[in-house]
Amino acid sequence: LKIEIRNTGELLKERDLIKIFERYYSILPKDQSGHTGIGLHMAKSIISGHHGTISAENRIDGVCIIISLPVLTGSDTYEHEI
């Protein structure tokens with residue numbers, strides 16, 4: 001299963017694309033608090049726990065977050081350690 005979330009705003013700088021899934025990383029200046037920088041990191045942890053991936057890329061029309069998850073059918077199962 002592939003999910004794309006697109007933002008038609010400004011593109012991200014290359015250094016931000018590389019780091020946006022790191023815990024506590026935010027592209028906003030420190031004086032614009034209210035953002036803790038844990039949302040995308042938490043999303044990545046949850047998605048990874050379900051054997052999926054999440055990435056971000058700049059496209060011509062904006063930033064795209066791409067989530068890929070395996071699709072289980074029938075009796076397919078996977079094990080996850082907590």
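This is a short talk on the strands, salt bridges and surface of one protein in a predicted model.

Good morning, colleagues. I shall begin with the overall arrangement. The protein has 2 helices and 3 strands. Along the sequence these elements follow the pattern β-α-α-β-β. Of its 82 residues, 21% count as buried. The accessible surface comes to about 6,500 Å², and carbon and sulfur atoms account for 55% of that area. As for contacts between residues at least 6 apart in sequence, 49% of them join residues at least 24 apart.

Let me turn to the sheet. The 3 strands form an open sheet in the order E1-E3-E2, and the pairing is antiparallel. Strands E1 and E2 stand at the edges with a single partner strand each, so one side of each has no neighbour in the sheet. From one strand to the next, the twist averages 20 degrees.

The two pairings may be taken in turn. Strand E1 covers residues 2-7, and its antiparallel pairing with strand E3, residues 62-68, runs over 6 bridges. Strand E2, residues 53-59, pairs with E3 over 7 bridges, also in the antiparallel sense. E2 and E3 form a hairpin, with 2 residues between them.

One position in E3 shows how the sheet is put together. Which residues stand opposite isoleucine 66? On one hand there is glutamate 4; on the other, serine 55 has isoleucine 66 as its bridge partner in E3. Glutamate 4 and serine 55 are 51 residues apart in sequence, yet their C-alpha atoms lie 9.8 Å apart in space.

Glutamate 4 deserves a closer look. This residue is found in strand E1. Is glutamate 4 buried or exposed? The answer lies in between: its relative accessible area is 29%, so glutamate 4 counts as partly exposed, the limits of that class being 20% and 50%. Leaving out residues up to four places away in sequence, glutamate 4 touches Arg59, Cys64, Ile65 and Ile66.

Glutamate 4 also takes part in salt bridges. How many salt bridges are there? The count comes to 4. Among them is the one between glutamate 4 and lysine 2, whose closest N and O atoms are 3.5 Å apart. Another joins glutamate 4 to arginine 6, with the closest N and O atoms 2.7 Å apart. Both of these basic partners are exposed: lysine 2 has a relative accessibility of 56%, and arginine 6 has 53%.

In strand E2, the side chains of glutamate 57 and arginine 59 meet in a salt bridge at 2.7 Å, N to O. Here the two partners are partly exposed, glutamate 57 with a relative accessible area of 32% and arginine 59 with 23%. Through shared partners, salt bridges join Lys2, Glu4, Arg6, Glu57 and Arg59 into one network.

I now move to the nonpolar residues. Why does isoleucine 67 count as buried? Its relative accessible area is 11%, and buried means under 20%. Isoleucine 67 is found in strand E3. Setting aside neighbours within four places in sequence, isoleucine 67 is in contact with Leu1, Lys2, Ile3, Ile5, Ile47, Thr53 and Ile54. Its C-alpha atom is separated by 8.9 Å from that of alanine 56, a residue 11 places away along the chain.

One of those contacts leads us to the surface. Isoleucine 5, in strand E1, has 46% relative accessibility and counts as partly exposed. Isoleucine 5 touches the buried isoleucine 67 and also belongs to a nonpolar surface patch formed with Leu1, Ile3 and Val71. Together these patch residues have about 370 Å² of accessible area. Leu1 and Ile3 likewise appear among the contacts of isoleucine 67.

To close, I would draw two features of strand E1 together. Glutamate 4 in this strand belongs to the salt-bridge network with Lys2, Arg6, Glu57 and Arg59. Isoleucine 5, in the same strand, belongs to the nonpolar patch. E1 itself stands at an edge of the sheet, paired with E3 over 6 bridges. Thank you for your attention.

Key:
Residues numbered from 1 in each chain as written. Predicted model: local features only at pLDDT ≥ 70, side-chain atom pairs only at ≥ 80, totals over all residues. Heavy atoms only, no water. Patch = residues over 30% accessible without salt bridge, like charges linked within 9 Å, V, L, I, M, F, W, Y side chains within 5 Å. Areas by Shrake-Rupley, 256 points an atom, 1.4 Å probe, with all protein chains shown as cover. Helix = DSSP H or I, 4+ residues; strand = E, 2+ residues; numbered from the N terminus. Buried < 20%, exposed > 50% of the residue type's maximum accessible area, 1.4 Å probe, protein only. Pairing = 2+ DSSP bridges. Axes fitted to C-alpha atoms, helices over the stretch in contact; angles between N-to-C directions. Contact = heavy atoms within 4.5 Å.
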